[in-house]
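New notebook page, new structure. I want a first feel for how it is put together before I worry about anything else.

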Amino acid sequence: MSVLFKTLAFSLGLTLLFTLVTYLLPQVKGEAPVEKEVDLGSLTMESFIALGEEIFHNKGTCTLCHQPAPLGRAPDIAGEDMVALANKHLADERYQGDAKNAEEYIRESLLHPGKYVVAGWGKKGSNDTESPMPMVDKPPIQLTPIEVDAVIAWLQAKDGGEVTVALPAAEAAAEVASAVAGDEGRKAPAPAATAEEALTKYACASCHAMDSRDTLVGPSLLDVGLRLSKAQLRQSIVDPNAVVAEGFPPAMPSDFASKMTVSELEMIVNYLAEKKG
Amino acid sequence: MKQTESIHPTGGGRFAVMLLSMLILLVFGLADVARAGTGMDSAQERIAPIGEVRLQGQPPVEVHVETAAIQEQEAEPRAAPRLSSADYPNIGVSSRAVVWVLAQMHLFFGALVLAVPLFVLLIELVGVYTRDDRYDDMAHEFMKISLTGFSITAIFGGSLALALFLLYPDLMAYLMHVFGSQWLVYAGLFFFESFFLYVYYYGWNALRYGNLKWVHLTLGLLLNASGLTIMVMANSWATFMMAPSGVDEAGVVVGNIWEVMKGPLWNPINLHRFIANIAFGGAVVGAYAAFKFLSAKDPVKRAHYDWMGYTSNFIAILSFLPLPFAGYWLMAEIYAYSQQMGITAMGGILAWLFIVQAVLIGTILLAGNFYLWSGMSRTDGSERYKGLIKIIAFVLVVCFLIWVTPHTLILSASEISLLGGSHHHILGPLGIMPAKNIAVNLMLIATFLSFQIYRRSDKVATVSWAPMGNALMIAVYLGAVVNIIFLGVYYGYFTNTVYKVGSSVAQVMTTLVVIVFGLVIDSLMFKKAKVLPSHWGRIPDRAQYALFALPIAFTWLMALMGYVRSSVKTHWHVYTVMKDNSPDNFIPAIGYAGNMITLVTVLFLLCVLFMFWVASLSGSKQPKPVVAAAGGEA
Amino acid sequence: MEQNNLGIAGRLAALIVAIIIMLAFYYGLDHLVMGMQGLPLNLDLTPAG
């Protein structure tokens with residue numbers, strides 16, 4: 001019995017010792033990437049660039065390989081001026097790609113890394129003809145076009161270069177939104193890009209005639225620009241019950257203030273102010 | 001004696017005939033089952049004519065469109081489902097933890113019962129060639145103590161399957177769809193395995209000598225064949241989830257079952273698990289021998305269990321030595337498949353686990369070496385090598401420390417916050433592979449040296465070129481040490497990553513050269529060598545604890561590496577094809593993993609104890625109570 | 001052990017020769033293994049290419 005006790009105690013002790021080792025190490029959790037909603041209506045270039053930087057460090061998993069010298073398995077992107085480097089590579093006689101400027105070059109190196117492999121960083125044994133870089137727009141990384149743009153914007157901006165990438169356009173945003181909605185089914189609708197779109201989105205025409213003097217639930221808006229100033233227009237959308245037009249019920253929804261983006265509101269106001277019959 | 005000999009062949013002969021007829025029956029039965037599987041058409045043939053009956057002149061009855069539509073839908077390519085967290089049943093405890101424990105227990109016992117018949121067969125074969133009954137008895141005993149393990153494997157396998165279907169129904173539905181009829185083949189193999197197992201075990205004494213022994217060996221071979229087939233099939237599911245093949249980007253099956261199975265990681269995993277299973281099995285039965293040795297008082301029994309423990313340790317360490325090479329191949333294939341996955345394992349959060357791995361492998365090597373050194377007290381000729389042991393011990397300890405220290409130095413709280421899954425930018429270089437590679441290879445070489453001197457300790461070479469052979473052997477070791485250190489330091493720190501990785505292959509080759517040269521030189525040099533007497537059982541009791549340390553470290557290591565293997569998929573069920581959106585889709589912290597691993601290790605320990613206890617039950621017999629004749633029967 | 005026809009000096013010489021042979025062997029091994037991986041080396045073992 002004492003043999004059993006001794007051997008069991010020894011075995012359990014050893015097991016606990018191994019467990020202890022795991023407690024001495026840093027307790028890092030590997031969270032799965034969280035879907036992030038970006039409000040494109042209020043997106044500025046600064047926040048777009050910041051988004052690019054975040055993607056570079058997290059979702060893009062770029063830093064797994066792109067690290068400074070002794071650790072890196074790929075060029076140290078964070079530590080070098082990418083615009084200057086891109087122009088240098090474009091001038092290289094080995095360059096066979098289609099890019100004409102730094103932005104195109106960076107985009108090409110992101111989406112088609114095999115087009116030009118920086119000397120010394122090719123796949124082992126391929127003599128720098130094949131790139132070991134994964135496809136960033138395919139699973140498991142799966143960056144969307146907007147995210148790729150954001151990364152490019154950050155790469156251009158981080159060393160003081162001029163950002164030539166445009167902020168995501170509304171159509172692209174709508175596309176992404178619908179794709180995401182299909183994917184997740186619970187995303188907010190994308191902000192409208194034009195006044196007409198915004199009017200459709202908030203279904204103004206179901207109560208207000210736009211192109212005639214007909215009175216529906218609310219007054220016609222055909223010549224509203226003559227009757228109200230921009231400030232009054234803004235107020236009647238944001239707080240419709242402050243001044244209710246004579247002879248009409250206070251039926252207008254009062255939650256536009258929390259639904260519309262600022263740019264949508266401004267677009268609608270400007271549009272209506274121009275409506276002068 | 002003559003009588004029994006004459007009886008045995010006929011009895012065995014009848015047995016063999018029965019076996020054969022049973023096999024034939026089985027094959028026919030299976031063929032029938034296979035035909036029944038495709039019997040759908042014939043059933044329709046029988047029923048269809050009735051549907052065609054109609055009055056003359058009347059238009060034919062319109063075919064019901066719905067069934068056709070359903071069939072079409074079924075035929076449409078089926079992509080991997082996209083799940084939300086609501087699609088996962090919630091039973092109140094972590095689904096992952098439940099599956100984790102069950103899967104690991106199943107794997108432990110599966111590994112054990114795959115490995116034991118393998119080396120049992122080899123030992124049996126050795127017994128046949130040496131005509132030494134001790135080998136045969138030991139092989140039989142190894143089978144006896146692991147017999148319950150088959151049932152335990154099946155119990156945990158069944159529970160695991162139930163848990164998976166209950167907790168991950170959509171994933172399992174998808175996998176069932178992808179692997180299709182392969183599941184049936186898998187289930188069918190279990191019948192074969194059980195059949196061969198029981199006939200092999202219970203037929204041991206019936207088929208012991210002469211030609212019948214070869215029948216028995218063939219049964220063992222078939223047992224191993226079915227067991228290994230089961231293993232590689234199950235491996236294909238794991239590797240499909242890590243590196244799917246035979247499906248397109250959306251998970252639609254585009255290849256046949258062979259293309260699905262033969263993913264890029266399949267063979268590396270097969271080899272790695274195959275070798276590791278043997279090492280694991282050897283270590284576990286070694287613990288049995290050690291326990292018996294410590295409990296026994298009878299010198300004959302002690303000698304027997306000492307020898308059994310030695311053999312187990314031999315199996316465990318010898319199959320452990322090539323394991324890093326198989327692991328290297330696996331890792332290289334992972335990198336080739338997905339650089340990102342490789343770095344998640346070796347450079348990301350999981351990289352920290354390789355420090356625990358270092359501790360475990362260090363424990364295994366130190367324990368194995370310690371046992372070998374202690375075992376040298378069995379022979380009188382071991383005095384010659386005493387000095388060398390001190391050097392080996394020193395090398396092992398220094399390498400072990402090199403392996404572990406640089407990592408543990410970077411563990412201040414502020415640095416943890418800086419980590420983000422990567423190495424520290426100043427101390428990092430000490431913690432990455434080159435330093436570790438040097439240490440690991442030197443430890444392997446040192447362990448092999450222990451082995452070699454143990455093997456030499458009871459022999460004296462008689463060949464004329466022995467001094468030259470020894471000089472060459474010393475040169476092989478010295479040159480290897482120089483080369484390994486040079487490769488690691490120069491390419492590891494002074495050239496780029498590609499050369500760094502490439503040089504580790506050269507290091508590994510150097511280690512292999514040492515092993516091959518050592519085996520070749522010694523087998524030539526000690527042919528017809530003078531053999532000194534050795535005394536089984538003459539080993540200190542404390543050496544037996546090394547035989548307990550081995551299985552514990554192996555079990556822990558297996559659970560740890562299994563966790564790493566599964567975690568490199570990160571938040572994917574099937575990498576790049578099917579996302580894991582369950583609440584458990586994150587990689588848990590190391591401490592949590594440590595708890596889980598300890599839990600399964602202790603559970604395994606208990607189950608193994610039970611297994612050994614059941615085995616010992618069959619050997620013990622309750623004496624018939626004397627008083628029972630009077631009052632017991634009332 | 002029966003034929004100790006080598007003296008101390010002879011043994012030392014044998015050892016030195018053996019070490020030289022093995023070092024040359026490992027040198028060749030390094031070239032071979034690295035070359036097989038597409039990582040050629042110069043004669044002084046520095047990376048070529």
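I started by reading along the sequence of chain A, and the pattern I wrote down is α-α-α-α-α-α-α-α-α-α-α. My tally for chain A came to 11 helices and 0 strands. Note to self: this is a predicted model.

Next I looked up burial. Chain A has 277 residues, and 26% of them count as buried.

Then I turned to contacts inside chain A. I kept to pairs with a separation of 6 or more, and 51% of those contacts come from residues 24 or more positions apart.

On to the neighbours. How many residues does each chain bring to the contact between chain A and chain B? I found 36 residues from chain A and 54 residues from chain B. I also sorted the chain A side of that contact by class, which gave 22 nonpolar, 10 polar and 4 charged residues.

Last entry: where chain B touches chain C. Here 27 residues of chain B are in contact with 21 residues of chain C. I wanted to know which elements of chain B give two or more residues to this side. They turned out to be α19 (466-494) and α20 (497-525) of chain B. Of the elements on that side, α19(B) gives the most, with 14 residues. I ran the class count here too: the side of chain B that touches chain C has 20 nonpolar and 7 polar residues, and no charged ones.

For my own recap, I put the two class counts together: 4 charged residues on the side of chain A that touches chain B, and none on the side of chain B that touches chain C.

Methods
Residues are numbered from 1 along each chain as its sequence is written. Chains are lettered from A and ligands numbered from 1 in the order in which they are written. This is a predicted model: local features need pLDDT of at least 70, side-chain atom pairs count only at pLDDT 80 or more; totals for chains, interfaces and linings use all residues. Two residues are in contact if their C-beta atoms, placed from the backbone, lie within 7 Å. Ala, Val, Leu, Ile, Met, Phe, Trp, Tyr, Cys and Pro count as nonpolar, Asp, Glu, Lys and Arg as charged, and the others, Gly among them, as polar. Helices (H or I, at least four residues) and strands (E, at least two) are DSSP runs, numbered from the N terminus. A residue is buried if 20 or more other C-beta atoms lie within 10 Å of its own, exposed if 12 or fewer, and partly exposed in between; C-beta atoms are placed from the backbone.
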